[in-house]
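These notebook entries record what I looked up, one topic at a time.

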Amino acid sequence: MLEVTKLRLGFAAGKKMLVAVDGISFAISKGETFALLGESGCGKSATAQGIMRLLPAAGRITGGSIKLEGGELLTLAEADMRQVRGARIAMIFQEPATSLNPVLTVGVQIGEVLDRHCDLRGEPARQRMLELLRQVGIADPERRLDEYPFQFSGGMKQRVMIAIALAGEPDLLIADEPTTALDVTVQAQILDLLAQLQRERGMGMLLITHDLGVVAKMAHRIGVMYAGELVEVADREEFFTRPQHPYTQALFAALPEVSRRGMALTTIPGQVPSLAAMPAGCRFADRCAHVMPVCRESAPDWRSVAASHALRCYWSGGATATADNTPRIGLGHLIPEMAPFLDVVDLKVHFPIRRGILQRTVGQVLAVDGVSLAISAGRTLALVGESGCGKTTVGKALLQLVNTTSGSVRLGGSELVGMQGKRLRAARRHMQMVFQDPFASLNPRLRVGEIIAEGMSALGLESDGATRGRAVAALLKQVGLPDEAAGRYPHEFSGGQRQRIAIARALAVQPELLICDEPTSALDVSVQAQILNLLKKLQEELGVAYLFITHNFAVVEYLANDVAVMYLGRIVERGSAQEVLRSPKHPYTQALLSAVPVPRLDAPSAAIRLPGETPSPANPPAGCHFHPRCPQAMDVCRQRYPESTGVSATHTVNCYLVG
Amino acid sequence: MMGFQVVVLWSDMLIWLLVAAGIGVGVLVAKTPPLLAAWRRVGANRVGMASATVLLAFIAIGLLDSLHFRLQLDGKPGQKASYAIEVLSVLDVLAAPLRLRNEKTYSEPFATRLYAKETIDLPGGETLRDYPRLKHGGRHLGEREGEVAADAGMTAFRVGVLALLGWLALATAVSALVGRGDTVAVDASGWQKIWRGENAFAWNAVLLTLGLMLLIVVPLFWLAGQYHVFGTDKVGQDVLYQVLKSVRTGLIIGLVTTLVMLPMAVLLGIVAGYFRGWIDDMIQYIYTVLNSIPGVLLIAAAVLMMQVVIDTHPQWFSTAAERADLRLLALCFILGITSWTGLCRLLRGETLKLRELEYIQAAQAFGVSSWRIVVRHILPNLMHIVIIALVMDFSGLVLAEAVLSYVGIGVDPTMISFGTMINSARMELGREPVVWWSLAAAFTTMFILVLAANLFADAVRDAFDPRAA
């Protein structure tokens, strides 16, 4: 149905043309899902925008053709193209929060498409809108239609976005990372919905994603993109059983998994080449483990390895598991468990909601509502939960960055809550934080050397300039950055390198505990592997303990010794990684685990689907917080919050189903 | 040799202090490699350097006008020296022909006769109503009044050629300097490198601007010796002279007001945004209240009060210039105190956004003190807003002065400023035939000044943004 041939597009930068997509060809037939897979900066989104002819102002399509059911799109007049957009090709975007207009009701925004493409107005349009909202699984559509986007949660907004996309009854749906901004349980709902709608309507779908798990769940055929080129195209079966291109193999090998515990993850050295400096020959050559001289001379042509499997690579060696010869890296569990080094008891952080002219407190947001944790030296505790459950607040409360309402945080025997001034500053030496977004966590106007030295100077370490310079150089070496990085500004580094800088900054004061707040969620898989390896290496060398705040179970499985699962401000299940991940007892943990898309063919399909989304922490449900979404809720769950029950010496669950 | 007494007005002191501070900052920059690199980027920016050249010309005029003195009066030897009541500046001396050759009233640019008919007494006792000849404008022409265009054009052409020659000499000197500067590229002479823009400093832009300026300014001043090139105003003063004098007033109002307003706006804005709580409430209340009082009213009240103070203490001032100067400074302070709210509000909002960023939290986690966070992390990330707002305000302030002069609460009536020029021109716009030249001259000069400041500020902002470099 859609046929893209030799599409080339680029961005004009001054007099030069930076080619973002270089001659890619693929086809999508009716009812098929074609997934474009690749790291950021590979030209996936540019391809989608090119198909819609919605490139940014500097973008130009320089060649190739895009045919939709035989009709060429690139030669259409702009007015005719508007007939195609929305009616024949529709698109949904990554960020539901910004893809809806906040000052228009949902109904108006759906109605716009109906008016434009289906000539529906007034009552018939309203009926159609209700039908659409019902189709995308929005309850009570009559009321919802007249509400504004801010009244919807993230997952609901994405459903509305899908409804808008479907309103024009398109033949092709382009989904650009449709679930990246969503939680796993919501992601599962949205993916199910997309798959079901596709089946019902026989739409073609172009799915753009970086997540192999999503690909395994959704795609029929997969195209791997690298640096503006397709390097491997295969159907699902072939792709997951016999990935051939070294890049694809490396992507698989870089995934953290339980089977790789104790091993270093395979990383892809370096990063995607910049548009301005594309290597001649194979573009992956510089990062490839199997690079041959011929790779640097000319770009390989397509070659077919099976009926539905083609790739561009000279190397034809088998899929040797490159992971086998990687060195083992010591794990926290090799260290004998000692008395807890950090002990948190019944920590509560409530934010007052103030209203009115006198700012009276009218309610409390129970962000953290009685959390108890313990971490021993050199071990890793993973704090897992969906967005809004309060896990980041826990991290900040431990560092005393937000005021705790009650509870105690004992670090090495001294109480941190209520500590002031000098003593607090001294205590902070023992604990540091690595933040989620490496682009927001480094001051763009300070040089890297200054950023790293900041902690040392604030805490009065290494007061003399020369020793501080040496310390900065040593830290840079430790996190794998060159010496000269100290004199450069953060914007000159890639995401992964920036995260290394952030880690070096935290390590500068030699903390015993590092709080890592989703340190890899903004990074590509191959870079994530580099950072995880680095964190493991540092733990081995320095014996630093980690509190790893994350929503990514693969990372947890790979890295953590202990796991605590958090839901709406409270920990619902705690135990060693083995116990919690292999035999989860709490229905929430079970649902979370089953919702994670697994990048394998044999992924269990019978997942537990949670209805709805996390309630607001300002107004948590009575009784067990989880009961409105729990498939096994009982009467008692609605009345009282369950006490914690011990399953084993280390494993505790807060649920009436246990014990 | 005539004796003189140096007079240091308060505003002179401020201006020269600013110059000293500028030199101090320059020395500091030269010693700090990253700052030096940033300023080098400014130097490489063609538009930035062209506008800097224009700005420097304006500043030079302003500085020449800020060296004041009083001439010694002729007295008997042995008597205590007494000095003229009139305070002159170096610019006044340099522009003496312009200053002294006053006509009776309005005359058009390049006119040889007045703009108004008068009754002229003829030798025979008869009278004639006609446009009388100017005392100074085009006097050298004698009876050949009709040849103004030819004469002026010819002179302009000859002087223009002279200016071009001077510029060529300058350009050769510069290119010799550039050519000697580095010995790596033998194939290209300094001249070629400048032409192709291959050197680190945007010499081509500077030279081009300089050339243009010389081509316009030199003939203009040459002709100003023979004609009133911009015409004369109601009391017959040369408009070109007024324009030159207005530059200093404009610069002082722009700079001093900014100096008053900037610390307040930046400090209060950041404090309100960063510390939140009751401090934020208080600062917000202050600027909301201040904003809701009509600005002109507030300024009028303050200026009138100050006028009373000045009038009741004549013993404070030995000359009229000192009185006018104090009034100018007071006006700057009042304008500064009433105009900080906009920038403050802007900075508060931006700080609210910045304080939630993770690098601020990282600094907090290290126990970095609040003031250090403000200085190291927040202030540098606000500078782009400050720079833009400053330049915007600069033009706004020069205009505000014009408006206030109109209401009668601006600078002292004896002080020449763009405001007083526009104000007096306003009266004549309704007249038929219209007197347009005062307004046009003030407008053009202000336009060039503000445009140059804008473009230069843009270049500075871009150079100091590490992401754009």
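Leaving aside its neighbours within four places in sequence, with which residues is Ala458(A) in contact? I worked from a predicted model. I found that Ala458(A), once those sequence neighbours are set aside, is in contact with Phe366(B), Gly367(B) and Val368(B).

Entry on Ala458(A). I located Ala458(A) in helix H15 of chain A, which covers residues 448-458. I then asked whether Ala458(A) is buried or exposed. I recorded Ala458(A) as buried, because 22 other C-beta atoms lie within 10 Å and the cut-off for a buried residue is 20 or more. I also looked up Asp369(A), which is 89 residues from Ala458(A) along the chain; their C-alpha atoms are separated by 32 Å.

Entry on the two chains. I noted that 24 residues of chain A are in contact with 17 residues of chain B. On the side of chain B that touches chain A, helix H14 (358-365) and helix H15 (370-407) of chain B each supply at least two residues. H14(B) gives the most to that side, with seven residues. I classed the residues of that side of chain B as 10 nonpolar, five polar and two charged.

Entry on a helix pair in chain B. I found that helix H9 (residues 239-275) of chain B packs with H15(B) at an angle of about 140 degrees, the axes being 9 Å apart. I entered the crossing of H9(B) and H15(B) as right-handed. Among the residues that meet there are Gly250(B), Ile253(B) and Tyr274(B) in H9(B), and Val374(B), Phe394(B) and Glu401(B) in H15(B). By class, I recorded 12 nonpolar, four polar and two charged residues in the contact of H9(B) with H15(B).

Terms used
Residues are numbered from 1 along each chain as its sequence is written. Chains are lettered from A and ligands numbered from 1 in the order in which they are written. This is a predicted model: local features need pLDDT of at least 70, side-chain atom pairs count only at pLDDT 80 or more; totals for chains, interfaces and linings use all residues. Two residues are in contact if their C-beta atoms, placed from the backbone, lie within 7 Å. Helices (H or I, at least four residues) and strands (E, at least two) are DSSP runs, numbered from the N terminus. Ala, Val, Leu, Ile, Met, Phe, Trp, Tyr, Cys and Pro count as nonpolar, Asp, Glu, Lys and Arg as charged, and the others, Gly among them, as polar. A residue is buried if 20 or more other C-beta atoms lie within 10 Å of its own, exposed if 12 or fewer, and partly exposed in between; C-beta atoms are placed from the backbone. Axes are lines fitted to C-alpha atoms, for helices over the stretch in contact, and angles run from 0 to 180 degrees between N-to-C directions. A crossing is left-handed if the near helix is turned anticlockwise from the far one by less than a right angle, and right-handed if clockwise.
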